[in-house]
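Biologist: Could you take a close, patient look with me at one part, the pairing of the copies and the surface beside the DNA?

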There are 2 protein chains.
Amino acid sequence: MSNNVPSVGYALKQAQSLLHLRMEEALKPLGLTVSHYSCLYRLRLEPGISAAALARRTFVTRQSMNVMLQQLIDRDLVARPTQADSGRALPTLLTAAGASALDAAQVLVDGVEQRMLSGLPPGDTTALARGLSACVSALGG
Amino acid sequence: MSNNVPSVGYALKQAQSLLHLRMEEALKPLGLTVSHYSCLYRLRLEPGISAAALARRTFVTRQSMNVMLQQLIDRDLVARPTQADSGRALPTLLTAAGASALDAAQVLVDGVEQRMLSGLPPGDTTALARGLSACVSALGG
DNA sequence: TCTCCTATGTCAGTATCCTTACAACCAGTG
DNA sequence: CACTGGTTGTAAGGATACTGACATAGGAGA
């Protein structure tokens with residue numbers, strides 16, 4: 001028993017859950033969910049990535065990712081060829097509309113994140129980010 | 001914008017997702033999910049709490065909580081009277097078996113949390129907890 | 001007392017995600 | 001060449017959580 005205080009794990013869950021909720025609220029006017037945003041966000045960082053790799057980055061299964069991608073394709077935010085150049089992996093790309101939607105979403109998400117960090121001194125923000133990264137490394141991420 | 005570095009929000013999601021996964025793995029031998037554990041954990045902190053209040057503490061809906069409670073009642077880990085003393089709120093309580101299961105689960109969960117924090121200097125652990133709490137406050141938790 | 005208002009429990013339907021399973025494709029090794 | 005292992009895409013089914021809606025019980029205020 002190391003703690004009388006609420007555990008770090010509980011605080012982590014609480015913060016993540018609340019952040020997710022606020023992001024969902026912020027993105028609602030755009031008709032995007034947090035999952036959709038995460039998908040588009042990653043797609044900009046790694047254009048042409050396969051759906052399976054995208055799923056790993058966003059912590060969902062390939063199956064869930066394919067459902068999400070199909071929704072995004074139907075809305076013309078994402079494009080995928082129907083045939084692979086080599087192998088089975090189909091490259092996934094942002095469309096122009098997808099890039100615009102991501103730009104709009106990014107503004108809203110950045111606002112939520114800034115609100116979340118508004119209670120911390122600037123130095124503590126980087127300390128928080130480093131602490132979280134250390135946790136991820138320790139858990140074998 | 002503010003970031004060439006991955007955002008704090010992303011690190012938060014990554015850490016929470018990985019912690020959840022490791023907890024799920026650790027609790028599997030006991031036949032408990034993380035949701036079950038969270039429920040039992042809160043029930044020890046606030047014995048006799050109503051299901052609706054318990055749901056708010058654990059970030060799920062009343063409906064989901066009632067499903068979970070029914071599972072825990074079927075396994076004799078939790079007990080609820082069928083009639084309320086006053087009003088509609090039914091007090092929820094840990095059984096002796098529930099307390100034992102929670103004890104066993106707590107050991108495993110503490111192990112995971114210690115592993116997560118093993119990469120941080122001791123002082124940084126409390127700083128991390130305080131930073132997360134500040135985030136929760138800023139988001140209106 | 002009567003009337004809102006809120007909170008709780010519950011039911012039905014929906015949505016989302018996961019688990020399991022299988023086929024296609026590439027790379028490495030015997 | 002044949003075989004094994006790993007990765008990708010896809011489909012079917014189940015588990016879990018959420019939204020919407022309703023009846024009930026108690027408290028606050030006119």
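Which rotation, and how much shift along its axis, superposes chain A on chain B?

Modeller: This is a predicted model, in which local features need pLDDT of at least 70 and side-chain atom pairs count only at pLDDT 80 or more, while totals for chains, interfaces and linings use all residues. Residues are numbered from 1 along each chain as its sequence is written, and chains are lettered from A and ligands numbered from 1 in the order in which they are written.

A rotation of 180 degrees with 0.0 Å of shift along the axis brings chain A onto chain B, with an RMSD of 0.0 Å, where the superposition is by least squares on the C-alpha atoms of residues with pLDDT of at least 70 in both copies. The two copies are therefore related as by a two-fold rotation axis. Within chain A, Leu128(A) has the C-alpha nearest this axis, at 3.0 Å. Both copies use the same surface, since 97% of the contact residues of chain A recur in chain B; residues are in contact if their C-beta atoms, placed from the backbone, lie within 7 Å.

Turning to the DNA, 20 residues surround strand D, and those that come nearest are Ala51(A), Ala52(A), Val60(B), Ser64(B) and Gly87(B); a residue is near a strand if its C-beta atom, placed from the backbone, lies within 6 Å of it. Two or more residues of this surface come from each of α3 (51-57) and α4 (62-74) of chain A and α4 (62-74) of chain B, and α4(B) gives the most, with four residues. Such helices are DSSP runs (H or I, at least four residues), numbered from the N terminus.

Definitions and conventions. Two residues are in contact if their C-beta atoms, placed from the backbone, lie within 7 Å.
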